[in-house]
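I opened a fresh notebook page for this one. My plan is to look things up piece by piece and jot down what I find.

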Amino acid sequence: AVKDQGCRKLTIAVLGVCAAVVLVALAARSGGSDAATASEPPQRKYETNFMDSPSTRLAEAELEGAVASTQAVQADAEGGIAVAINTDYTETSAAEEVGMEDWSRGGGLALEAEAAEGELTCADSGEDCTRSGCCQGEGLQCFAQASNYAGCLAACTNETWSCATLGKRTPLTNPGCSGLNENCLLTQCCTLPGTQCFMKNDFWGTCAYSCDSNEGWSKDWSCMKLGEVQPEVCAWSGGACTYSKKCCHPGASCYQKNSLEAYCSNTPDNDVGADWDGSVLGGSMSEFPVQPVKDASLAKGTTLFCFMAVLPGSPEEQLRALAESKHASIYACDGHMTTSSSHADMKAWDSGDNTLVNTEVFVQVWRNVKQDGQYKSFDWTVKVDPDNVFFPDRLRYHLQQLRAPRNFPIYIKNTDKEFGFLGAIEVFSVEAMDKYFGKDNIDDNDKHCFREISSNSGEDGFMKGCMDMLGAGY
């Protein structure tokens, strides 16, 4: 009787001889082209196509307990033509031996089919999915770390991983988009218009208007963009509203021109021609309240960036200096700046009241804030008039009690009078400021608002109206 060990070595030896015979036959068949490389050191190649040859076996060779290179031989079931590939033998699966990049078009397809039929169990979170190429958790994808390990993740950003995809992503049971403060790694889409899913790490991502890995709430995030930006919900006056069916300008409507076109107008008598269909497809943006988050740990922070616009040569300069000397007003905020304003005119309203027509002046002031750039590092931006007695700690307390959601454009109403927003102190979330300034150009949206509202108003009414148009809530 032959002992088990001797039997194993004999079997391996026989397989090695068979592999050598096949290689000789292949060399003869190809005119000796392979013979020239027969003496070269074995190298890993990934040329096997398991779809063409259903029968596959792996020949192993082990000499005196040492790990050695051998040949994996695949025999064509019909023609008997063998295809040999060089591999460096390790104690891993056949899928790994043929290489990760060939997994999906080679043996991986067969393994995936086994998993679909229940013969091979898909990997759970934290388990190796190299062999199965599939994941149990919905929305997860099998990503390769190296040739001998792969894991189930929603997304892969680890620079030490190859991040090659194995198999298909597990579909979601109830597909849909994610809201604020929800993990969007699986859905990779957002419900709020203008937002996109940004990745923090392999386990968390959320919807936001922008993401900066160098500063602000998203500091040290990956900020990798997942999916597409959710389309904006409104069109400016004269703009196409075929998709959104909503207009930015309060009081405007979306009018259908024909079966393919629709446009926004707040002066339909001038804009809607006789040859138009004329049907109203939708209305306009308006102010809306933002609901507080239930979990205080998910609420927006209370860091403040405060600024003051000072008219040169006026008593405002002394007020600013007094605040600085007492470390009060904007100088008690987490960040601050001052900028210069300019003279504005008074204008009488139809009601008989007078208002300061300073919109154009403060449009430039806000551009100075944008150019300064500090606001991006704080949760809230606060504009404070020099003659306003302002206590930042009181504002922080009120903001904390509001429990405003993170990553949402918000302005704070500050009075019960008129439209609820007066210019002595104006408070905006950093997302609201990003919306106002525009993503690509410093004055994209302020120009739109300036054209829609005109300059014949106070700056406070202009800013509130613009925020309403841009989809910021209060």
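**Entry 1: a strand pair**

Which residue in strand 20 stands opposite Thr381? I looked it up, and the partner is Phe428. I keep in mind that this is a predicted model.

I then followed the pairing along. Strand 19 covers residues 380-384 and pairs with strand 20 in the antiparallel sense, over 5 bridges. Val382 of this pair faces Val427 in strand 20.

Strand 19 has another partner. Strand 15, residues 304-310, pairs with strand 19 in the parallel sense over 4 bridges. Here I noted that Phe307 has Lys383 of strand 19 as its bridge partner.

Next I checked the cover. In strand 19, 5 of 5 residues are buried. Trp380, Val382 and Val384 point one way, while Thr381 and Lys383 point the other way. In a regular strand the side chains alternate between the two faces of the sheet. Both groups of strand 19 are buried. Strand 20, residues 425-429, is mostly covered too, with 4 of its 5 residues buried.

**Entry 2: the helix after that**

I moved on to helix 8, residues 430-437. How many of its residues are buried? I found 8 of 8. The list includes charged-letter names I wanted to record: Glu431, Asp434 and Lys435 are among them. Val430, Met433 and Phe437 are also in the buried set. Gly438 follows helix 8, and its phi is positive, near 90°.

**Entry 3: the whole chain**

I stepped back for the totals. The protein chain has 10 helices and 20 strands. Of its 474 residues, 41% are buried. The chain exposes about 25,000 Å², and carbon and sulfur atoms supply 51% of that area. I also looked at contacts with a separation of 6 or more: 57% of them join residues 24 or more positions apart.

**Entry 4: a three-strand sheet**

I looked for an open sheet and noted one of 3 strands. Its order is 10-9-11, with antiparallel pairing. Strand 10 (204-208) and strand 11 (225-226) are the edges, and each pairs on one side only. Strand 9, residues 196-201, is joined to strand 10 by 5 bridges. Within that pairing, Cys197 has Cys207 of strand 10 as its bridge partner.

**Entry 5: two loop residues**

First I looked up His249. It sits in the loop between strand 11 and strand 12 (253-256). Is His249 buried or exposed? Its relative accessibility is 13%, so His249 counts as buried, the cut-off being under 20%. Its side chain makes a polar contact of 3.4 Å with the side chain of Asn266. Leaving out residues up to four places away in sequence, His249 touches Ser237, Asn266, Ser284, Glu452 and Met469.

Then I turned to Gln374. This residue is in the loop between helix 6 (359-372) and strand 19. Gln374 has 29% relative accessibility, so it counts as partly exposed. The side chains of Gln374 and Asp372 make a polar contact of 3.1 Å. Beyond four places in sequence, Gln374 touches Phe305, His336 and Met337. I also noted Cys306: it is 68 residues from Gln374 in sequence, and the C-alpha atoms are 9.7 Å apart.

**Entry 6: disulfides**

How many disulfides does the structure hold? I read 13. I looked up three of the pairs.

Cys156 and Cys163 have their sulfur atoms 2.0 Å apart. The torsion about their S-S bond is about -65°, so this disulfide is left-handed. Cys156 counts as buried at 12% relative accessibility, whereas Cys163 is partly exposed at 21%.

Cys211 and Cys223 also form a disulfide, with sulfur atoms 2.0 Å apart. Why is the disulfide of Cys211 and Cys223 left-handed? Because the torsion about its S-S bond is about -70°. Both cysteines are in the loop between strand 10 and strand 11, 12 residues apart. Cys211 is buried at 19% relative accessibility, and Cys223 is buried at 12%.

Cys449 and Cys466 make my last pair, with sulfur atoms 1.9 Å apart. This link is right-handed, with 75° about the S-S bond. Cys449 lies in helix 9 (residues 444-453) and Cys466 in helix 10 (residues 459-470), so the pair ties together parts 17 residues apart in sequence. Cys449 is buried with a relative accessible area of 0%, and Cys466 is buried at 1%.

How values were computed: Residues are numbered from 1 along each chain as its sequence is written. This is a predicted model: local features need pLDDT of at least 70, side-chain atom pairs count only at pLDDT 80 or more; totals for chains, interfaces and linings use all residues. Side-chain values use heavy atoms; hydrogens and water are left out. Buried means under 20% relative accessible area, exposed over 50%, partly exposed in between (1.4 Å probe, protein chains only). Contact means heavy atoms within 4.5 Å. Accessible areas come from the Shrake-Rupley method with a 1.4 Å probe; for residues, only the protein chains shown count as cover. Two strands pair if DSSP finds at least two bridges between them. A polar contact is a pair of N or O atoms within 3.5 Å; within protein, one must be able to donate a hydrogen and the other to accept it, and residues adjacent in sequence count only if both atoms are side-chain atoms. A disulfide is a pair of cysteine sulfur atoms within 2.5 Å.
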